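Work through the exercises below with the model open in a viewer. Try each task before reading its solution.

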Amino acid sequence: MKMKKVLIVTASFYPQNSPRSFRATELAKELGRQGHQVIILTKENEFDYSDFEMKYSCKVRSELVINKYNPSLFMTRRSLFRRIIDRFLYQFFLYPEIEISVTIYKLLTKAEESFDLIISIAKPYAVHIGCALAKKRNRNLTETWVADCGDPFTLCKSNIYDFPFYIKYLEKFLFRQATYITLPVRSAMEAYFQEFRPKMRIIPQGFNFSEIKLSEDPVNNPYPTFCYAGALYRNTRDPRNLLDYLSTLDIKYKFIVYTTTYELVEPYQEKMNGKLEIRKPIPREKLLFVLSKMDFLVNIDNVYKEQVPSKIIDYAIAGRPILNIEPQTTDYKNIHSFLNGDYSAQLKIDNINDYDISLVVKKFLELTE
């Protein structure tokens, strides 16, 4: 395959610690390693990318000037009035995310160069909207635009509100402009408009296994020590049933939670008498090493199966048994078994090699053929 000129458009990129950032960063690194010409267009920030660019043979353009957009907007504590205003602006106008669309559109419509492949990564979907508008205006921009979707948009069942009808038309507009729509799992197809099924391709999250360092020491914790890492959401990825049960147990254990959405777990710290430890997220490579030292790992499943937590692959790479928790029908017997070292009901991951980043990049490049 000849070398390609690839543009990755993303609101999240290294060193940000998020699934969308990991997706964009791993793609960029592997494309650069393979010798392709790679440009990443991402948010304006103060990070010095010179070492990253030299190491991975790519160019990072942090030129998306966004004044109001904050990816953790709805995870922070705000006054009731502020929450109402923010929710109204987002639900009816996609504000402030729509700022990203405007800046992407302005930059790409003025672009004099063309690309063999453009990969835009959502969330937010405003990234796709900007690319769709630019592609419609600048016909020479690319022959192949791939809209990569980690989570659904207007048909997402975990939304606590419905978008107005015109936002759904906006979603249809952007997908009509896309050459392909990529999803991480096949079950996610149910959360998109059926008319776009012919454009959909399944390409999972990718990882460079050679860069991963795990603990080589045998796991030998003095009492059951287990961990959850990732965001938590009320009613959709909700830990409270699990925490309520754990707080009743009169045994020694340590439950470590890495999260930025700590509101659901913080009230349990005193109740669990020091057995619950809440930590701030750490870089993924460091997290994998920590996970590999746990007795087992906890996955709190989404209520809606169209969305599959990407952390499951991280867990599988860490090589520790996975306790899968269904938020609404928690299996307390299985939790008890794990605490006693019986992992026979652990969650199984089929063929971890499918997530090798070289295979993932190959699937994206094949879309240009």
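The exercises treat a predicted model.

**Exercise 1. A covered strand**

Task: Determine which residues of strand E5 point one way, which point the other way, and which strands pair with E5.

Solution:
- Step 1. Strand E5 spans residues 145–149. Five of its five residues are buried.
- Step 2. Sort the side chains. In a regular strand they alternate between the two faces of the sheet. Here Trp 145, Ala 147 and Cys 149 point one way, while Val 146 and Asp 148 point the other way.
- Step 3. Take one neighbour. Strand E4 (residues 117–122) runs parallel to E5, and five bridges join them. Ile 121 has Asp 148 of E5 as its bridge partner. Between these strands the chain passes through helix H5 (residues 126–137), in a right-handed β-α-β crossover.
- Step 4. Take the other neighbour. Strand E6 (residues 180–183) is also parallel to E5, with three bridges. Thr 182 in E6 stands opposite Asp 148.

**Exercise 2. Backbone exceptions**

Task: Find where the peptide bonds at Lys 123 are cis, then locate Leu 94 and Asn 273 and state their phi values.

Solution:
- Step 1. Recall the background. Most residues other than glycine have a negative phi, and most peptide bonds are trans.
- Step 2. Check omega. The bond from Ala 122 to Lys 123 is cis, with omega near 15 degrees. The bond joining Lys 123 and Pro 124 is cis too, with omega about -5 degrees. Lys 123 sits in the loop between E4 and H5, and Pro 124 is found in that loop as well.
- Step 3. Check phi. Leu 94 has a positive phi near 55 degrees. Its place is the loop between helix H3 (80–93) and helix H4 (98–109). Asn 273 has a positive phi of about 55 degrees. Asn 273 lies in the loop between helix H8 (268–271) and strand E10 (276–279).
- Step 4. Compare exposure. Leu 94 has 3% relative accessibility, so Leu 94 counts as buried. Asn 273 is exposed because its relative accessible area is 66%, over the 50% cut-off.

**Exercise 3. Aromatic pairs**

Task: Classify the pairs Phe 47–Tyr 49 and Phe 226–Phe 255 by ring geometry.

Solution:
- Step 1. Note the descriptors. A pair of aromatic rings is described by the distance of the centres and the angle of the planes. The whole structure holds 24 aromatic pairs.
- Step 2. Phe 47 and Tyr 49 lie 4.8 Å centre to centre, with 65 degrees between the planes. An angle over 60 degrees counts as edge-to-face. Phe 47 is partly exposed at 34%; Tyr 49 is buried at 5%.
- Step 3. Phe 226 and Phe 255 lie 4.9 Å centre to centre, with 20 degrees between the planes. An angle under 30 degrees counts as stacked. Phe 226 belongs to strand E8 and Phe 255 to strand E9, 29 residues apart. Phe 226 is buried at 2%, and Phe 255 is buried at 2%.

**Exercise 4. A pocket lining**

Task: Describe the second largest pocket by volume, central residues and lining class.

Solution:
- Step 1. The pocket holds about 550 Å³ of space.
- Step 2. Of its 22 lining residues, Tyr 14, Glu 26, Lys 29, Glu 211 and Glu 285 are the closest to its centre.
- Step 3. Helices H1 (19–33), H2 (50–56) and H9 (284–291) each give two or more residues to the lining. H1 has the largest share, five residues.
- Step 4. By class, the lining has nine nonpolar, five polar and eight charged residues.

Notes. Residues are numbered from 1 along each chain as its sequence is written. This is a predicted model: local features need pLDDT of at least 70, side-chain atom pairs count only at pLDDT 80 or more; totals for chains, interfaces and linings use all residues. Side-chain values use heavy atoms; hydrogens and water are left out. Buried means under 20% relative accessible area, exposed over 50%, partly exposed in between (1.4 Å probe, protein chains only). Helices (H or I, at least four residues) and strands (E, at least two) are DSSP runs, numbered from the N terminus. Two strands pair if DSSP finds at least two bridges between them. A crossover is right-handed if, with the strands pointing away from the viewer, the path from the first strand over the helix to the second runs clockwise. On a 1 Å grid over the protein atoms alone, a cavity is a set of points where a 1.4 Å probe fits but cannot get out, and a pocket is an open set with protein on both sides within 12 Å along at least five of seven lines; lining residues have an atom within 4 Å of a point. Grid points are joined across faces, edges and corners, and a volume is the space filled by probe spheres set on the points. Ala, Val, Leu, Ile, Met, Phe, Trp, Tyr, Cys and Pro count as nonpolar, Asp, Glu, Lys and Arg as charged, and the others, Gly among them, as polar. Rings of Phe, Tyr and Trp (its six-membered ring) pair if their centres lie within 6.5 Å; planes under 30 degrees apart count as stacked, over 60 as edge-to-face and the rest as tilted.
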